[in-house]
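Hi everyone, and thanks for coming. I'd like to take you through one model this morning, so please have a look at it while I talk.

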Amino acid sequence: MSVTLDRLLTTMSLSSSELAAIERPPTDSKVFAHTRWDALPVAAALMHCVYFFGMFYLFPRVPLWVMLILGFIYSISISWNINSVSHNFIHNPYFRSPLLNRLFSILESITVGFGQVFYECIHMQHHKGNADRPDERGETTDWISIYKHGHDGEAEAALKYTFLSFFREDPKTVLKELKRKDPREAFWGIFELASFVTTFVILGILNWRYIGFLLPFWYLGHCLSYLNGYYRHYGGNPDEPIAWGVSTYGKLYNWSWFYNGYHAEHHFRPKVHWTRMQALRDQILDRQRAAGVRVINVPHALGFLEADLSSDNRQREQNRLEFEPASPRS
């Protein structure tokens, strides 16, 4: 049975009216497409952009130890932005106006140093494969599957995935896919890449020492994003649509990361707005428990603090989830 048919069968138990009520909140805003709550991630993105350029301003004016702290915060903020603000924007663009959405996409590309259109293409391919295991030819539908470079059906080691995935990205493959889908989007994808590269070059011309300082933190930020992505799927079940992702329900993490923690729910219904994640979970909780959806107690990037989920004990973990009492809903 195909993954597409699996997804269809698993979503049929929710009525169309239930899905419509959950998927997106109604809005009468003339600016925001879905809800005025989207002003929060938009404001966060603007502040992140100010922080990015603020580091350049502060570099010659504060001690190195202060800049090292600011640089590390920038690294964390890259992962935060990609997995919260940028990620939600991909699935539910914030604005009614196509122009505003395009400008916001360019802003995000410059701030995190990665083209938003290219990210969207990679991420939608991720949803096609849902962290699938390699086929008989060793290929995965999901370009960034944690199993792609693993062995014997196991996920790749976390450290390798975290620090090598950045260098495995293939812009040519992404561009080819963009051109196939929509040549106009391919143009904007190239424009965004040129925008952030040009920004970095200009900063380097103005202060070459600063760009030498920035680049390692920029790389680390993207590594942290891959670390986050690794534990959003490590211990999940690539063969069970409702259990494709791994969730974590800490309130502080989900409030600050715009409900990034609800990742099993997100893969089950990718178009559900971030403000509706709890409502979706309420609807499917019993089915999640029956399917053994993996739930961890820490933010995804700290997933290594959880118990190991190698194939030897994955079944024990699933059995535990099936019989333990339900945890309180956040």
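I'll start with the whole chain, then go through two helix pairs, and finish with a few residues in loops.

First, please keep in mind that this is a predicted model. The protein chain has 14 helices and zero strands. If you read along the sequence, the pattern is simply α after α, right to the end. Of the 330 residues in the protein chain, 53% are buried. And what about contacts along the sequence? Taking contacts between residues at least 6 apart, 68% join residues at least 24 apart.

Let's go to the first pair of helices. Helix α4 covers residues 64–91 and helix α5 covers residues 98–112. Their axes are 10 Å apart, and the packing angle is about 160°. Anything over 145 degrees counts as roughly antiparallel, and that is why α4 is described as roughly antiparallel to α5. As for handedness, α4 passes α5 in a left-handed crossing. Who makes the contact? On the α4 side you'll find Y74, I78, N81, I82, V85, S86 and F89. From α5 come N101, F104, S105, E108, T111 and V112. Sorted by type, the residues of this contact are seven nonpolar, five polar and one charged.

Now please turn to the second pair, α7 and α10. Helix α7 spans 158–168, and helix α10 is made of residues 208–231. Here the axes are 8 Å apart and the angle is about 130°. That value is under the 145 degrees needed for roughly antiparallel and above the 65 to 115 range for roughly perpendicular, so α7 and α10 are oblique to each other. The crossing of α7 past α10 is right-handed. From α7, the contact uses A158, Y161, T162, F163, S165, F166 and F167. From α10, it uses W218, Y219, L220, H222, C223, Y226, L227, Y230 and Y231. By type, that contact has 13 nonpolar residues, three polar and no charged ones.

One residue on that list deserves a closer look, and that is H222. You'll find H222 in helix α10. Is H222 buried or exposed? With a relative accessibility of 4%, H222 counts as buried. Its side chain has polar partners, too. The H222 side chain reaches the backbone oxygen of V112 at 3.0 Å, and a polar contact of 3.2 Å joins it to the side chain of W218. Leaving out residues up to four places away in sequence, H222 touches I78, I82, V112, G113, F114 and F166. Some of those names may sound familiar: I78 and I82 of α4, along with V112 of α5, take part in the α4 and α5 contact. F166 belongs to the α7 side of the contact with α10.

On to the loops, beginning with the one between α6 and α7. Helix α6 covers 116–129, and N130 is found in the loop that follows. N130 has 0% relative accessibility, so it counts as buried. Its side chain makes a polar contact of 2.7 Å with the side chain of H267.

A131 is in that loop as well. What is the phi of A131? It is positive, about 55°, although A131 is not a glycine. To put that in context, most residues other than glycine have a negative phi. A131 is also buried, with a relative accessible area of 3%.

Further along the loop between α6 and α7 is K148. K148 is partly exposed, at 23% relative accessible area. Which residues does K148 contact, if we set aside its neighbours within four places in sequence? They are P134, E139, T140 and W143. You can also check K148 against D135: the two are 13 residues apart in sequence, with their C-alpha atoms 9.5 Å apart in space.

The last stop is Y259, in the loop between α11 (251–256) and α12 (263–268). Y259 has a positive phi of about 65° and is not a glycine. Y259 is partly exposed, with a relative accessible area of 22%.

That's my tour, and I'm happy to go back to any part of it with you.

Note on methods: Residues numbered from 1 in each chain as written. Predicted model: local features only at pLDDT ≥ 70, side-chain atom pairs only at ≥ 80, totals over all residues. Heavy atoms only, no water. Helix = DSSP H or I, 4+ residues; strand = E, 2+ residues; numbered from the N terminus. Buried < 20%, exposed > 50% of the residue type's maximum accessible area, 1.4 Å probe, protein only. Polar contact = N/O pair within 3.5 Å; in protein donor to acceptor, adjacent residues only side chain to side chain. Axes fitted to C-alpha atoms, helices over the stretch in contact; angles between N-to-C directions. Parallel < 35°, antiparallel > 145°, perpendicular 65-115°, else oblique. Left-handed = near helix turned anticlockwise from the far one by under 90°. Contact = heavy atoms within 4.5 Å. Nonpolar A, V, L, I, M, F, W, Y, C, P; charged D, E, K, R; others polar.
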